[in-house]
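Here is a walk through one chain, taken a region at a time. Keep the viewer open and follow along.

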Amino acid sequence: MLYGSGLRLAECMNLRVHCFNFDEAILTIHHGKGKKDRTVPLPRSLMPALKEQMETVERLYEQDLAGGYDGVFMPGALTRKWRTASKEYIWQWFFPAKSLTFIPETCERRRYHLHETHVQRAMRGAVRGAKIPKRVTAHTFRHPAGQRFCGSD
């Protein structure tokens, strides 16, 4: 996803179910850098893995609903505007955290997205395993060697 669609790590972690349009093979990034929205292509080669992840998200969502959870964390004032939106499937994180977060002030159990450090650790392990003698981060995939993305930053 980072390489194929040119996503920043934070953009990737903040993806929700409604961001994906598999029919048109596009992905909408909401509130990216500069708080702007943009659309990017979804590589066809990733479609099977992305659809499998979507099924995983749906199974977790069904389990959460059955367990009586209070929904996902919502951006801005949407929790007040649309009280039930946090429990709607389209608002679920595409890369959900492994466990629910308990909020003591409200006694709610909500789900957050996967933390960026999980991806960063996996990348460090892969770079070490591949014995790449260079510093590689998630942002490296936005600027592959020999390729220039005019105006992407």
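Among contacts in the chain between residues at least 6 apart in sequence, how many join residues at least 24 apart? The share is 51%. Keep in mind while reading on that this is a predicted model.

## The overall layout

The chain has five helices and five strands. Read from the N terminus, the elements go α-α-β-β-β-α-α-β-β-α.

As for burial, 36% of the 153 residues count as buried. The accessible surface of the chain adds up to about 9900 Å², and carbon and sulfur atoms hold 55% of that surface.

## Salt bridges at Arg8, Glu11 and Arg38

How many salt bridges does the structure hold? There are four, and Glu11 is a good place to start. The side chain of Glu11 meets that of Arg8 in a salt bridge, with an N to O distance of 2.9 Å. Is Glu11 buried or exposed? With a relative accessible area of 7%, Glu11 falls under the 20% cut-off, so Glu11 is buried. Arg8 is buried as well, because its relative accessible area is 15%.

Glu11 also forms a salt bridge with the side chain of Arg38, at 2.5 Å from N to O. This pair links distant parts of the chain: Glu11 sits in helix 2 (residues 9–13) and Arg38 in strand 3 (residues 38–41), 27 residues apart. Arg38 has a relative accessible area of 26%, so it counts as partly exposed.

## Asp64 and Arg111

Another of the salt bridges pairs the side chains of Asp64 and Arg111, 2.7 Å apart from N to O. Here too the pair links distant parts of the chain, with Asp64 in helix 3 and Arg111 in strand 5, 47 residues apart. Asp64 and Arg111 are both buried. Back at the earlier group, salt bridges with shared partners tie Arg8, Glu11 and Arg38 into one network.

## Two sides of helix 3: Leu50 and the glutamates

Helix 3 spans residues 47–66, and Leu50 is part of helix 3. Its relative accessible area is 5%, so Leu50 counts as buried. Which residues does Leu50 touch, leaving aside those up to four places away in sequence? They are Met1, Phe20, Phe22, Leu42 and Phe94. Take Phe22 from that list: Leu50 and Phe22 are 28 residues apart along the chain, and their C-alpha atoms are separated by 9.1 Å.

Glu62 also has its place in helix 3, but its surroundings read quite another way. Glu52, Glu55, Glu58 and Glu62 gather on the surface in a patch of negative charge. How accessible is Glu62 itself? At 44% relative accessibility, Glu62 lies between the 20% and 50% cut-offs, so Glu62 counts as partly exposed.

## Met74 in a loop

Next stop along the chain is a loop. Met74 is in the loop between helix 3 and helix 4 (78–81). Is Met74 buried or exposed? Its relative accessibility is 12%, so Met74 counts as buried. Met74 and Tyr112 are 38 residues apart along the chain, and the distance between their C-alpha atoms is 9.1 Å.

## Two positive phi angles

Some background for the backbone: most residues other than glycine have a negative phi. Cys107 is not a glycine, yet its phi is positive, at about 55 degrees. Where is Cys107 found? It is in the loop between strand 4 (96–103) and strand 5 (108–113). Cys107 is exposed, because its relative accessible area is 57%, which is over the 50% cut-off.

Lys131 also has a positive phi of about 55 degrees without being a glycine. Lys131 belongs to the segment after helix 5 (116–129). Its relative accessibility is 71%, so Lys131 counts as exposed.

Methods. Residues numbered from 1 in each chain as written. Predicted model: local features only at pLDDT ≥ 70, side-chain atom pairs only at ≥ 80, totals over all residues. Heavy atoms only, no water. Patch = residues over 30% accessible without salt bridge, like charges linked within 9 Å, V, L, I, M, F, W, Y side chains within 5 Å. Areas by Shrake-Rupley, 256 points an atom, 1.4 Å probe, with all protein chains shown as cover. Lys, Arg positive; Asp, Glu negative; His and termini not counted. Charge placed at Lys NZ, Arg CZ, Asp CG, Glu CD. Helix = DSSP H or I, 4+ residues; strand = E, 2+ residues; numbered from the N terminus. Buried < 20%, exposed > 50% of the residue type's maximum accessible area, 1.4 Å probe, protein only. Contact = heavy atoms within 4.5 Å.
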